[in-house]
Structures are given as structure tokens and as C-alpha cells.
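Student: Could you take a close look at one part of this model and the helices packed around it? I would like a connected account that shows how each conclusion follows from the geometry.

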Amino acid sequence: MTMIEVSALGLAFGASRVLNDVNLQIEAGESFGLVGESGSGKTTVLRCLAGQFTHWTGSARIAGHALGHKRDRARCREVQMVFQDPYGSLHPRHTVHAALAEPLHIHGIGDQSERIDGILAKVGLNGSFRFRYPHQLSGGQRQRVAIARALILEPRLLLLDEPTSALDVSVQAEILNLLADLRERDGLTYLMVTHDLGVVAHLCDRLAVMQQGRIVETLSTDALCRGEARHAYTRTLVDATRHHGREVGEDAVA
Ligand SMILES: Nc1ncnc2c1ncn2[C@@H]1O[C@H](COP(=O)(O)OP(=O)(O)OP(=O)(O)O)[C@@H](O)[C@H]1O
Ligand SMILES: [Mg+2]
């Protein structure tokens with residue numbers, strides 16, 4: 001089954017055109033990376049798919065359902081987003097319990113305590129974390145809570161926007177391993193923005209490269225690791241990664 005099918009997606013803010021003829025096809029169960037320079041439109045693509053921007057043109061289908069121009073509850077349950085900064089995405093005065101109960105409440109789902117304990121266990125946190133506030137958590141723990149919040153409605157698709165780039169290097173691998181485990185266990189589909197080709201090599205099957213609101217290249221991670229990127233910009237990215245002392249394809253996660 002195709003999980004994401006985007007064709008000729010376009011978006012402008014006033015006179016500034018931010019997305020141009022973006023085409024993407026991502027299969028169910030696939031983990032797909034989206035890379036590209038700052039401002040190239042990666043987050044904007046995720047926000048369109050998450051229903052946060054609605055004035056796009058073109059067409060998009062998620063799990064076969066056409067994406068409308070209005071927020072829609074059914075899609076909320078199917079698609080969730082995880083942001084770069086877990087501090088910003090959690091309300092500072094809400095406990096972990098409140099953060100996790102809110103989506104259940106909105107969707108009229110019962111058994112809240114059981115579900116909350118279950119999802120916390122899934123992300124590697126014990127029940128005592130329910131009563132903590134975000135400032136009482138480490139960065140890694142906060143991102144675990146943000147992932148739990150994204151997963152509590154049991155979506156099939158996660159849109160991940162640089163989910164580890166705000167974390168200490170030592171914690172990044174932990175969170176990447178958690179994401180890989182969760183995907184395998186629940187058969188999730190990931191569309192993940194990252195700047196780190198090492199992360200792509202570890203976690204993604206395929207990737208697309210964006211530049212100035214367009215996708216300039218789509219290739220498999222295997223092809224990337226074999227040095228088969230064709231577009232000049234993609235090769236620049238690969239070289240930049242090598243420059244930082246890590247080979248693409250080298251395991252980013254111990
Ligand atoms: N709400 C908005 N109003 C106006 N312009 C916006 C808005 N959101 C994004 N843009 C513009 O759209 C372009 C793409 O932004 P986007 O956040 O998608 O880039 P990105 O690829 O995610 O960059 P980064 O790697 O820095 O996160 C940028 O030029 C940005 O200024
Ligand atoms: Mg972004």
C-alpha cells in the first residue's frame with residue numbers, strides 16, 4: 001500500500017513561493033528521509049501533510065485518502081508529527097500525564113491511565129514519569145515523552161522533523177534506536193527530516209533531496225552509500241558529511 005502520495009504540491013506565502021511541484025511516493029512501512037539546505041522547504045512539506053498549512057495546491061493522499069484543505073480528526077489519528085525541540089512541543093505547566101491524556105480526551109478515548117502507562121513503557125519510561133513536568137526531564141526523556149504523545153493515538157505515519165538534532169550527541173543514538181524499534185514493532189511509516197546523512201544511512205530506506213522548494217533527487221540509501229548521488233547538491237552534502245569526520249554509510253548508532 002502507498003502511505004503518502006504527493007503530486008505537484010505547491011505552496012506560497014504571499015509573493016514568496018516556498019514549494020514547487022513537489023512529488024513524493026512513500027510506501028507503507030517505509031522510512032523515508034528528507035534532506036536539504038536550510039529554508040529549502042522540508043518542514044513546510046511536513047506541515048502540509050500534518051494539516052497545519054492548508055493553502056497548498058496540487059494533491060496529496062495519505063493511506064489512500066485525499067488530503068483535504070481542512071483539519072480532519074480521522075487524519076489526526078493517522079498522522080502525527082514529532083518536532084526538533086521537545087521543550088517547545090510540551091506545555092511547561094502540564095505534567096507528562098496531562099500531555100498524554102490530552103489527545104485521548106480530544107478523541108474521546110477511555111482507559112486513559114492504562115494507555116498512558118502502556119505508551120510510557122513503550123518509549124522506555126516508567127510510570128513515575130507521569131507526574132513530572134517537562135523541566136524535570138532530561139532532553140532525551142522529553143523527546144521520549146514527545147514521541148509517546150505522537151504515538152498514543154496509534155497513528156500509522158510519523159512525520160519527524162529533525163527529531164534528534166537538539167539533543168546531546170550521546171543521547172541521539174538512544175532516541176534513533178528507539179525510533180527504529182518502534183517502527184519495526186508497529187510497522188510504522190516514517191517521513192523524517194534530518195541534516196545528518198549518517199542518520200539517513202542508519203534509519204532510512206530512501207531519501208529525497210530538496211533545494212529551493214523542489215525535490216532535486218530521490219534515491220535509495222544504498223545508492224547514496226555507494227556514492228551514486230547524481231545531483232551536484234546531493235554530492236555537496238555527502239562531501240560535507242565526510243568533512244565532519246564521518247563517512248556516509250558508517251553506522252551512526254553504536
Ligand atoms: N508561516 C510562514 N510564513 C512565511 N514564510 C514561511 C512560513 N513558514 C516557512 N516559510 C518560509 O518557507 C521557506 C521554507 O521553510 P522551511 O521551514 O520549510 O525550511 P526547512 O527546509 O525546514 O529549513 P531548516 O532546515 O532551516 O529547518 C523558508 O524560506 C521560510 O522562510
Ligand atoms: Mg525545518
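**Helix packing, beginning from the N-terminal strand**

Tutor: T2 has a relative accessibility of 21% and therefore counts as partly exposed, since the buried class ends at 20% and the exposed class begins over 50%. This is a value from a predicted model, as is everything that follows. T2 lies in strand 1, which covers residues 2-13. Leaving aside residues up to four places away in sequence, T2 touches Q25, I26, E27, A28, A63 and G64. R149 stands 147 residues from T2 along the chain, and the C-alpha atoms of the two are separated by 25 Å.

R149 leads on to the packing of helices, because this residue is among those of helix 6 that meet helix 4: V145, A148 and R149 in helix 6 face V96, A99, L100, E102 and P103 in helix 4. A packed pair of helices is described by the angle between the two axes and by the distance separating those axes. For helix 4 (residues 96-106) and helix 6, the angle is about 20° and the axes are 8 Å apart. The two helices are therefore roughly parallel to each other, the limit for that class being under 35 degrees. The crossing of helix 4 and helix 6 is right-handed.

Helix 4 also packs against helix 5, here at an angle of about 120°, with the axes 10 Å apart. Helix 4 and helix 5 are therefore oblique to each other, because the roughly perpendicular range stops at 115 and the roughly antiparallel one needs an angle over 145. This crossing, too, is right-handed. The contacts on the helix 4 side come from V96, H97, L100, A101, L104 and H105, while helix 5 contributes Q112, S113, R115, I116, I119 and L120. The buried residues of helix 4 are V96, A99, L100, A101, P103 and L104, and what covers them includes helix 5 and helix 6. After helix 4 comes G108, which has a positive phi near 60°.

Helix 5 and helix 6 reappear when one turns to helix 7, since the buried residues of helix 7 pack against strand 3 (31-36), helix 5 (112-122), helix 6 (139-151), strand 7 (157-161), strand 8 (189-193) and helix 8 (197-203). Helix 7 has 18 residues, 169-186, and at 1.5 Å a residue these should span 26 Å; the end C-alpha atoms are 26 Å apart, so the expected and computed spans agree. Its buried residues are V171, Q172, I175, L176, L178, L179, L182 and R183. Viewed down the axis of helix 7, these buried residues fall within an arc of 160°, which means that they line one face of the helix. On the other side of helix 7, S170, E184 and R185 are exposed. Just after helix 7, G187 takes a positive phi of about 60°.

The loop between strand 7 and helix 7 adds one further contact to this picture, for it holds T164. T164 has a relative accessible area of 6% and so is buried, and, with residues up to four places away in sequence left out, it touches Q172, I175 and L176. Those three residues are among the buried residues of helix 7.

Conventions. Residues numbered from 1 in each chain as written. Chains lettered and ligands numbered in written order. Predicted model: local features only at pLDDT ≥ 70, side-chain atom pairs only at ≥ 80, totals over all residues. Heavy atoms only, no water. Helix = DSSP H or I, 4+ residues; strand = E, 2+ residues; numbered from the N terminus. Expected span 1.5 Å × (residues − 1). Buried < 20%, exposed > 50% of the residue type's maximum accessible area, 1.4 Å probe, protein only. Arc of directions from axis to C-beta. Contact = heavy atoms within 4.5 Å. Axes fitted to C-alpha atoms, helices over the stretch in contact; angles between N-to-C directions. Parallel < 35°, antiparallel > 145°, perpendicular 65-115°, else oblique. Left-handed = near helix turned anticlockwise from the far one by under 90°.
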